[in-house]
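Please take a moment with the sequence and the coordinates before reading on, and keep both in view as the text proceeds.

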Amino acid sequence: MVLLGIDPGLDGGLAFIEVSSISSSSLNGVKLFVMPTYYESKYKTKIFKNGVRKKICKRKIDSKKLNEILISNRPDVVFIEKVSSRPGEGNVSSFTFGFGAGLLEGLMVANNLTYYYVSPVKWSSFFAKEVPHSNPKIRSQMYVDKYYPDINFFVGPRSKVPHSGLVDAFMIGLYGKLHLHKNTRYLETEFTFE
């Protein structure tokens, strides 16, 4: 059985977790992918407060590459972090974030994949019992360092810090696996981890 954890967003990731069964405590394999993105070809000139002009191009999720990753790895169950905009975020960034979340849901439906939403507070606080820390990103990193030291969360050979999107995607998938093990009846029904 292949489970997929997704940390949506431009700096997110995908973690395919292969297990022999939901009740199995061991993992047969893990494949990690950084969220595929591209830069729009059109540039926009932005003027900063100090008067500096800079050409900026928008970064977007590459839906074609993302779909290819989904098709080639064909997960049985998908767990997506349930995201929402936060107070103080700009309209453009909120729209971009929402567009990415909608794109993910569209790909799940188009590929006929079973998917569930996982609240970020739920999955991160679930692992807080094992590794207490106030920062959820650091907590996730400490957890994988402690229990899964053999998995490489670095993007390249020169990386000094693990990719937080990959770590979070893995933790979301792991949370989904542990939750499904406790509640196997959820496999037959649509639900949202709240």
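The paragraphs below go from the sheet to the salt bridges and then to some surface residues.

The model is a predicted one, and its sheet is a convenient place to begin. Five strands make up this open sheet, in the order 3-2-1-6-7, and their pairing is mixed. Strand 3 (29-34) and strand 7 (114-118) are the edge strands, each of them pairing on one side only. If direction is ignored, neighbouring strands of the sheet are turned by 20° against each other on average. Within the sheet, strand 1 (residues 2-7) pairs with strand 6 (residues 77-81) in the parallel sense over four bridges, and Leu4 has Val78 of strand 6 as its bridge partner. Helix 1 (residues 63-73) packs on the sheet, where it touches strand 1, strand 2 (13-18) and strand 3, and its direction makes about 0° with that of strand 2.

Which contacts between charged side chains link separate parts of the chain? A search of the whole structure finds three salt bridges. One of them joins Asp11 and Arg59, whose closest N and O atoms are 3.0 Å apart; since Asp11 belongs to the loop between strand 1 and strand 2 while Arg59 belongs to strand 5, this pair ties together parts that are 48 residues apart in sequence. Asp11 counts as exposed at 52% relative accessibility, a value just on the far side of the 50% cut-off, whereas Arg59 is partly exposed at 23%.

Another salt bridge brings together the side chains of Glu40 and Lys60, again with an N to O distance of 3.0 Å. Glu40 lies in strand 4 (residues 37-47) and Lys60 in strand 5, so parts 20 residues apart in sequence are tied together here. Glu40 counts as buried, because its relative accessibility is 17% and the class covers values under 20%, while Lys60, at 29%, counts as partly exposed.

The side chains of Lys137 and Asp168 also meet in a salt bridge, at 2.4 Å from N to O. Here the pair ties together helix 4 (residues 136-147), which holds Lys137, and helix 5 (residues 164-182), which holds Asp168, parts that are 31 residues apart in sequence. Lys137 is partly exposed at 42% relative accessibility, but Asp168, at 4%, counts as buried.

On the surface, Phe48, Val52 and Ile56 form a nonpolar patch with about 220 Å² of accessible area together. Ile56 is found in strand 5 (residues 53-61) and is partly exposed, with a relative accessible area of 34%.

Terms used: Residues numbered from 1 in each chain as written. Predicted model: local features only at pLDDT ≥ 70, side-chain atom pairs only at ≥ 80, totals over all residues. Heavy atoms only, no water. Pairing = 2+ DSSP bridges. Helix = DSSP H or I, 4+ residues; strand = E, 2+ residues; numbered from the N terminus. Axes fitted to C-alpha atoms, helices over the stretch in contact; angles between N-to-C directions. Contact = heavy atoms within 4.5 Å. Patch = residues over 30% accessible without salt bridge, like charges linked within 9 Å, V, L, I, M, F, W, Y side chains within 5 Å. Areas by Shrake-Rupley, 256 points an atom, 1.4 Å probe, with all protein chains shown as cover. Salt bridge = Lys/Arg side-chain N within 4 Å of Asp/Glu carboxyl O. Buried < 20%, exposed > 50% of the residue type's maximum accessible area, 1.4 Å probe, protein only.
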